[in-house]
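Biologist: Could you take a close look at the sheet for me, and at what packs against it? Walk me through it in plain terms.

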Amino acid sequence: MTKSAPFHAHVYYSPDERAMAARLRDRFRAAKPGDRLSEIKFVGELRDGRVGPHTVSQFEIHFDAQLLPVVEPELAQSGLRVLIHPLTLDDLADHTRLGRWIGEPVELDLSVLDPPGVNQGFARYGKTDF
């Protein structure tokens, strides 16, 4: 099988939506073999408060592009705001023009993103979040 391009999804939540976010995260983590969601590479922790460019509480998932048709509907059904983006060597583009939003976009702190040609996200893809 050919390796597929890496993607991140950032699932944002307010304090009132934290339980919804936890249920979604737990759904991803509990996916069993045979459920395509079990192919997600990494499901991160709920990160309350700002972290990296994310000004709103969030958790992230890492997955290969081939899972987009499976992951995206799950994210859309959650009712939470989500940024889905590829992981390229242009961190700024990933979080802006290459990304797409489900729900109302969240204002990001773009000043902390890696410069073009560098993306520290590659080193942690499938392994860890912030």
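**The sheet and its neighbours**

Modeller: Sure. In this predicted model, five strands make an open sheet with antiparallel pairing, in the order 2-3-1-4-5. Strand 2 (42-43) and strand 5 (100-102) sit at the edges with a single partner strand each, so one side of each has no neighbour in the sheet. Further in, strand 1 (residues 6-12) and strand 3 (residues 58-64) run antiparallel and are joined by seven bridges. V11, for instance, has F59 in strand 3 as its bridge partner.

Now for the helices. Helix 1 (residues 18-30) packs on the sheet, where it touches strand 1, strand 2 and strand 3, and its direction makes about 25° with that of strand 3. R25 is part of helix 1. With a relative accessibility of 12%, R25 falls under the 20% cut-off, so it counts as buried. Leaving out residues up to four places away in sequence, R25 touches V43, G44, E45, L46 and F59. Helix 2 (residues 68-77) lies across strand 1, strand 3, strand 4 (81-86) and strand 5, at about 40° to strand 5.

Then there's the greasy part. The largest nonpolar core has 24 residues, and F28, I40, F59, I61, F63, L75 and I84 have the most contacts inside it. Strand 1, helix 1, strand 3, helix 2 and strand 4 each give two or more residues to this core, and helix 1 gives the most, with four. Take F63: not counting residues up to four places away in sequence, its contacts include F7, I40, L68, V71, I84 and Y125.

How values were computed
Residues numbered from 1 in each chain as written. Predicted model: local features only at pLDDT ≥ 70, side-chain atom pairs only at ≥ 80, totals over all residues. Heavy atoms only, no water. Pairing = 2+ DSSP bridges. Contact = heavy atoms within 4.5 Å. Axes fitted to C-alpha atoms, helices over the stretch in contact; angles between N-to-C directions. Buried < 20%, exposed > 50% of the residue type's maximum accessible area, 1.4 Å probe, protein only. Core = buried A, V, L, I, M, F, W, Y, C linked by side-chain atoms within 4.5 Å.
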